[in-house]
Amino acid sequence: MLELSNFHAPQEGIRHEEPNTTVYINDREVGKGILYITESLLSWVNYDTQQGFSLKYPHISLHAISRDEDVHPRQCLYIMVEAKVDLPDVPLPSASDSDSENEFEDADTPITEMRFAPDNINNLDAMFQAMNQCQAIHPDPQDSFSDGG
């Protein structure tokens with residue numbers, strides 16, 4: 001479960017730090033703050049409240065750059081998280097909201113969509129690359145591939 005709580009910015013293993021990043025959870029704006037992409041966690045802290053959250057990489061099932069403003073009004077780093085969100089005024093999508101065509105969703109696993117929209121969209125590629133590097137450090141244990149060796 002993901003909860004918004006008092007938060008201290010990470011000090012170690014920072015691969016990318018992106019100020020002025022607005023977070024949207026399930027298409028609902030949470031606030032603006034600093035995104036930290038570290039070797040062990042993806043973290044964000046709100047400027048106004050000094051509250052934030054951290055995600056462990058194994059809970060992040062997908063990350064991508066979203067530039068299609070028909071899908072979301074701001075270009076962003078899109079994250080799909082296999083976790084329940086417990087933030088004020090940020091509802092989980094209900095079963096009626098989801099498309100029955102989505103073959104990737106497991107009915108027992110809550111899925112949360114998060115978007116990290118930086119004011120400086122020129123940094124989206126750097127944010128994506130940092131995510132790639134950090135997720136490579138933490139492979140999903142369920143994705144076991146043999147090297148065929």
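In the predicted model, S43 has S54 of strand β6 as its bridge partner. This pair belongs to the antiparallel arrangement of β5, residues 41–46, with β6, in which 5 bridges are formed. The two strands make a hairpin with 4 residues between them, and in this hairpin Q50 adopts a positive phi near 60°. Strand β6, residues 51–56, is also joined to β2, residues 5–6, by 2 bridges, and these strands again run antiparallel. Here N6 is the residue whose bridge partner in β6 is Q51.

Strands β5 and β6 also take part in the largest nonpolar core, for they are among the elements that each supply at least two of its residues. This core has 22 residues, and those with the most contacts inside it include L42, F53 and M131. Further elements supplying at least two residues each are β3 (14–25), β4 (28–38), β8 (76–81), β10 (112–118) and α1. Helix α1 gives the most, with 5 residues.

M131 lies in helix α1, which spans residues 124–137. The relative accessible area of M131 is 0%, so this residue counts as buried, the limit being under 20%. Beyond its neighbours within four places in sequence, M131 is in contact with I37, L42, Y57, I60, H63, L77 and I79. One of these, H63, stands 68 residues away along the chain, yet the C-alpha atoms of H63 and M131 are separated by 7.7 Å. I37 is likewise listed among the core residues with the most contacts. When residues up to four places away in sequence are not counted, I37 touches L42 and Y57, as well as M127, A130, M131 and C134, among others.

How values were computed:
Residues numbered from 1 in each chain as written. Predicted model: local features only at pLDDT ≥ 70, side-chain atom pairs only at ≥ 80, totals over all residues. Heavy atoms only, no water. Pairing = 2+ DSSP bridges. Buried < 20%, exposed > 50% of the residue type's maximum accessible area, 1.4 Å probe, protein only. Contact = heavy atoms within 4.5 Å. Core = buried A, V, L, I, M, F, W, Y, C linked by side-chain atoms within 4.5 Å.
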